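This report describes the fold, one sheet and several individual residues of a single protein. The sequence and the three-dimensional structure are shown below.

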Amino acid sequence: MNKKRIIGMIVVISGLIITFTVYKTSADSALTPGSVDDPMVSKSYVDQQIASQVTAQVAAQTAKIPVGTSGGSAGLTVVQLRPGQFLMAGAGSEFIVRTGYVLAVSNDTNGIPDITAGKDILAKTAISLNHLLIFPNDKRGIQADPKKTTDIFVMVRGGYTLLNADGSVVTAAVIPVATPTATPGPTAAPGVTPTPALVPVISP
């Protein structure tokens, strides 16, 4: 009887020891938050990583936007329209009319998406200034109002083609740049001979 009791106690104690050992081993193998194996990071670090990934994805999608052959680039280009001229957009291009009076042009029944106003602009409709226009295809554009003589400047991102009123292609949209005029020097008083300016001479 004593042997059975002793054997039973040994079995129970051995079971407890094995159970404790397994539990301790599992606890030691678990990752502790803040340890070397499971470091804690700050919220600013997570936000920075997310922002960098979003920026990279946006840049990759922007690079896929097609650019027309007649003109345009990934950046903004300023184009000037003369009275009666047409500015036809390439697929995916963006226009912002900065000054002047222009009308919508479309070769189909669809209008031009005005992102700023949240509506479509139908053909021959006046376009508001400083509104972002996006052109899904190359069959739409804008026309300078032939009844107005105000200067028209348009900011363009993407491909475009500039046409004259007769449909001929304009080879280049030249924007005049003011040339600074020379400032006149001092005028000598009557009867006084002006002193010539001294020019430094550099010895070889």
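## A nonpolar surface patch

In which loop does V41 lie? V41 is located in the loop between α1 (2-29) and α2 (43-62). As in the rest of this report, the position is that of a predicted model. V41 has a relative accessibility of 53% and therefore counts as exposed, the cut-off being over 50%.

V41 also takes part in a nonpolar patch on the surface. The other contributors are Y45, V46, I50 and V54, and the patch covers about 440 Å².

## Overall composition

The protein contains two helices and 10 strands. Along the sequence, the elements follow the pattern α-α-β-β-β-β-β-β-β-β-β-β.

Of its 204 residues, 21% count as buried. The accessible surface of the protein amounts to about 15000 Å², and carbon and sulfur atoms account for 63% of this area. With regard to contacts between residues at least 6 apart in sequence, 72% join residues at least 24 apart.

## The four-stranded sheet

Four strands form an open sheet in the order β4-β8-β2-β10, and their pairing is antiparallel. The edges are occupied by β4 (102-106) and β10 (160-163), each of which pairs on one side only. From one strand to the next, the twist averages 20 degrees. In general, the strands of a sheet pair through backbone hydrogen bonds, in either a parallel or an antiparallel manner.

Strand β8 (residues 140-144) is joined to β4 by five bridges in the antiparallel sense. In this pairing, S106 stands opposite R140 of β8, and L103 stands opposite Q143 of β8. Strand β2 (residues 86-89) also runs antiparallel to β8, with three bridges between them. Here M88 is the residue opposite G141 of β8.

## Burial of strand β8

Why is β8 described as largely enclosed by the rest of the structure? The description applies because five of the five residues of β8 are buried, the criterion being under 20% relative accessible area.

The residues of β8 point in two directions: R140, I142 and A144 point one way, while G141 and Q143 point the other way. Both groups are buried.

## Surroundings of L76

L76 belongs to strand β1 (residues 76-81). Its relative accessibility is 47%, so L76 counts as partly exposed.

When residues up to four places away in sequence are set aside, L76 touches M155, V156 and R157. A further reference point is I96, which is 20 residues from L76 along the chain. The C-alpha atoms of L76 and I96 are separated by 9.9 Å.

## Positive phi values between β6 and β7

Most residues other than glycine have a negative phi. Two residues in one loop call for attention in this respect. K124 is placed in the loop between β6 (119-121) and β7 (132-135), and its phi is near 65 degrees, a positive value in a residue other than glycine. N130 is likewise placed in the loop between β6 and β7, and its phi, near 60 degrees, is positive although the residue is not glycine.

Are these residues exposed or partly exposed? K124 counts as exposed because its relative accessibility is 74%. N130 has a relative accessibility of 42% and therefore counts as partly exposed.

Notes. Residues are numbered from 1 along each chain as its sequence is written. This is a predicted model: local features need pLDDT of at least 70, side-chain atom pairs count only at pLDDT 80 or more; totals for chains, interfaces and linings use all residues. Side-chain values use heavy atoms; hydrogens and water are left out. Two strands pair if DSSP finds at least two bridges between them. Axes are lines fitted to C-alpha atoms, for helices over the stretch in contact, and angles run from 0 to 180 degrees between N-to-C directions. Buried means under 20% relative accessible area, exposed over 50%, partly exposed in between (1.4 Å probe, protein chains only). Contact means heavy atoms within 4.5 Å. Patches are made of residues with over 30% relative accessible area and no salt bridge: like charges are joined within 9 Å, nonpolar side chains (Val, Leu, Ile, Met, Phe, Trp, Tyr) within 5 Å. Accessible areas come from the Shrake-Rupley method with a 1.4 Å probe; for residues, only the protein chains shown count as cover. A salt bridge is a side-chain nitrogen of Lys or Arg within 4 Å of a carboxyl oxygen of Asp or Glu.
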